[in-house]
Amino acid sequence: AALGVSAPASAQPAPARLAVSTAGLDLGTAEGARALDLRILHAASALCGTPSSADLRSRARHQACREEARASASAERERLIAEARSGVSIAAASGR
């Protein structure tokens, strides 16, 4: 499975969305959830680029971009973890 991390419009022309793989993660455990969070953080960083260390506004924009990108994956992250912990596919259980 994979979830998407989207960059805010201010991060363009970077790619608008990156897939984050959940392969090899046991999302039913705290360790698996932390590993997914790290993958999401890396994807958000890739989407938002590298800030200028000399420009405080650039760093603030970069931080805001990363937070917005991470937030874009939040609902899907929670759904995947809930599915893993319950052992039931929420999408299948809801008829999607």
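These are my notebook entries on a predicted model of a protein.

**Entry 1: the overall layout**

I started by asking how many helices and strands there are. I found 4 helices and 2 strands. Reading along the sequence, I wrote down the pattern β-β-α-α-α-α.

Next I looked up burial for the whole protein, and buried residues make up 30% of its 96 residues. The exposed surface comes to about 5,800 Å², with 54% of that supplied by carbon and sulfur atoms. I also checked contacts with a separation of 6 or more, and 48% of them join residues 24 or more positions apart.

**Entry 2: helix H1**

I turned to H1, which covers residues 30–48. This helix has 19 residues, and I found 27 Å between its first and last C-alpha, close to the 27 Å expected at 1.5 Å a residue.

Which residues of H1 are buried? My list reads Gly 32, Ala 33, Leu 36, Ile 40, Ala 43, Ala 44, Leu 47 and Cys 48. Seen down the axis of H1, these buried residues fall within an arc of 140°, so they line one face of the helix. I reminded myself of the general rule: an α-helix has 3.6 residues a turn, so residues three or four places apart point the same way.

On the face of H1 turned away from that buried side, I noted the exposed residues Glu 31, Arg 34 and His 42. I then looked up what the buried residues of H1 pack against, and found strands S1 and S2 together with helices H2 and H3. Just after H1 comes Gly 49, and its phi is positive, near 75°.

**Entry 3: helix H2**

I did the length check again for H2, residues 56–72. Its 17 residues should span 24 Å at 1.5 Å a residue, and the end C-alpha atoms are 24 Å apart, which agrees.

The buried residues here are Ser 58, His 62, Cys 65, Arg 66 and Ala 69. They cover an arc of only 100° around the axis, so they sit on the same side of H2. I found Leu 56, Arg 57 and Ala 71 exposed on the other side. The buried residues of H2 pack against strand S1 (2–6) and helix H1.

I also looked at the start of H2. There, a side-chain oxygen of Asp 55 reaches to within 3.0 Å of the backbone nitrogen of Arg 57.

**Entry 4: the disulfide**

I counted the disulfides and got 1. Which cysteines form it? The pair is Cys 48 and Cys 65, with their sulfur atoms 2.0 Å apart. Cys 48 lies in H1 and Cys 65 in H2, so the pair ties together parts that are 17 residues apart in sequence. My general reminder for this entry is that a disulfide is a covalent bond between the sulfur atoms of two cysteines.

The angle about the S-S bond is -80°, and the link is left-handed. I checked burial for each partner too. With a cut-off of under 20%, Cys 48 counts as buried because its relative accessible area is 15%. Cys 65 is also buried, at 5% relative accessibility.

**Entry 5: Arg 77**

My last stop was Arg 77, which I found in helix H3. Is Arg 77 buried or exposed? At 16% relative accessibility, Arg 77 counts as buried. Leaving aside neighbours within four places in sequence, I listed its contacts as Leu 3, Ala 33, Leu 36, Asp 37 and Ile 40. I had already met Ala 33, Leu 36 and Ile 40 among the buried residues of H1.

Methods. Residues are numbered from 1 along each chain as its sequence is written. This is a predicted model: local features need pLDDT of at least 70, side-chain atom pairs count only at pLDDT 80 or more; totals for chains, interfaces and linings use all residues. Side-chain values use heavy atoms; hydrogens and water are left out. The expected span of a helix is 1.5 Å times one less than its number of residues. Buried means under 20% relative accessible area, exposed over 50%, partly exposed in between (1.4 Å probe, protein chains only). The arc is that of the directions from the helix axis to the C-beta atoms. Contact means heavy atoms within 4.5 Å. A polar contact is a pair of N or O atoms within 3.5 Å; within protein, one must be able to donate a hydrogen and the other to accept it, and residues adjacent in sequence count only if both atoms are side-chain atoms. Accessible areas come from the Shrake-Rupley method with a 1.4 Å probe; for residues, only the protein chains shown count as cover. A disulfide is a pair of cysteine sulfur atoms within 2.5 Å.
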